[in-house]
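Colleague: Could you take me through one part of this structure slowly? I am new to reading models, so please link each point to the next.

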Amino acid sequence: YRIGWIYNDLEEFDNAIDVLKRLLALQPTNAAAHFELGYAYRKLERFNEALAEYNQTIRVKADHAAAHYEIGWIHNEQKNYDDAIKSLRLALTHRPAYADAHNELGYALRHLGRYSEAIEEYQEAIRIKPDMGLAYLGLGDVYYYNTKQYEEAAKAYKRGLGLRPGNATAQYNLAWCYNDLE
């Protein structure tokens, strides 16, 4: 599966798919190969095929936290937030200190209007991985758009922009936080 992983790393997803499919014809229970194949499909936005491969990964290795996470990510992308929450909670069952899963769970919860839970998940992602700019930006969004806590939003956006400076929306929102604080 390592050749498929290398192709994925090089963003040569079609080559990864070809190599991984050939490997899986010989080793159908290779969880790592199913996962890498799912990743290649996800990067190509072939989400149904990615979900099938991630589910196959889980059939082979039920505690594969990253496969549960990837399923949750796809459900979020497709705005299936309830399904995303289920998959992300499974990922966290298998790996409680999974910052990306906490961050993605915060995103799903926010979109379902469960703001206090979303804040908790973003904060947990930050606690686990203090340099996770995306979690600060997500936290800022909940504070800014949903709970109207502009001072908290400004703090989160400033920290997030320090780690991910190119986010124009967060820069704009930060300016509005300062305006709304006056």
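What follows is a close look at one helix pair, and then at the salt bridges and loops around the chain.

Colleague: At what angle do helix α5 and helix α6 pack, and which residues meet there?

Modeller: Happy to help! Please keep in mind that this is a predicted model. Let us begin with how such a pair is described. Two packed helices are characterised by the angle between their axes together with the distance between those axes. Here, helix α5 covers residues 65-77 and helix α6 covers residues 81-94. The two pack at an angle of about 160 degrees, and their axes are 8 Å apart. Because an angle over 145 degrees counts as roughly antiparallel, α5 is roughly antiparallel to α6. The crossing of these two helices is left-handed.

Now look at who touches whom. On the α5 side, the residues in contact are A65, H68, Y69, I71, G72, H75 and N76. On the α6 side, they are Y81, D83, A84, S87, L88, L90, A91 and H94. Sorted by character, the residues of this contact are eight nonpolar, six polar and one charged.

Staying with α6, we can follow another of its residues, R89, to a different helix. The side chain of R89 forms a salt bridge with that of E117, with a distance of 3.8 Å from N to O. R89 belongs to helix α6, while E117 sits in helix α8 (residues 115-128), so this pair ties together parts that lie 28 residues apart in sequence. How open are these two residues? R89 is partly exposed, at 36% relative accessibility, and E117 is also partly exposed, with a relative accessible area of 28%.

E117 has another partner as well. Its side chain meets that of R114 in a salt bridge, at 2.8 Å from N to O. R114 has 31% relative accessibility, and therefore counts as partly exposed. Put together, R89, R114 and E117 are linked in a network of salt bridges.

That network is part of a wider set, since the structure holds nine salt bridges. One of them joins D18 and R22, whose closest N and O atoms are 2.8 Å apart. Both residues are in helix α2 (residues 13-26), and because they are four residues apart there, about one helical turn separates them. D18 is partly exposed, with a relative accessible area of 41%, whereas R22 counts as exposed at 51%.

Finally, here are two loop residues to find in the picture. E11 is not a glycine, yet it has a positive phi of about 60 degrees. Look for E11 in the loop between α1 (2-9) and α2. At 59% relative accessibility, E11 counts as exposed. The other residue is E45, which is also not a glycine and has a positive phi near 60 degrees. E45 lies in the loop between α3 (31-43) and α4 (47-60). With a relative accessibility of 59%, E45 counts as exposed.

Terms used. Residues are numbered from 1 along each chain as its sequence is written. This is a predicted model: local features need pLDDT of at least 70, side-chain atom pairs count only at pLDDT 80 or more; totals for chains, interfaces and linings use all residues. Side-chain values use heavy atoms; hydrogens and water are left out. Axes are lines fitted to C-alpha atoms, for helices over the stretch in contact, and angles run from 0 to 180 degrees between N-to-C directions. Angles under 35 degrees count as roughly parallel, over 145 as roughly antiparallel, 65 to 115 as roughly perpendicular and the rest as oblique. A crossing is left-handed if the near helix is turned anticlockwise from the far one by less than a right angle, and right-handed if clockwise. Contact means heavy atoms within 4.5 Å. Ala, Val, Leu, Ile, Met, Phe, Trp, Tyr, Cys and Pro count as nonpolar, Asp, Glu, Lys and Arg as charged, and the others, Gly among them, as polar. A salt bridge is a side-chain nitrogen of Lys or Arg within 4 Å of a carboxyl oxygen of Asp or Glu. Buried means under 20% relative accessible area, exposed over 50%, partly exposed in between (1.4 Å probe, protein chains only).
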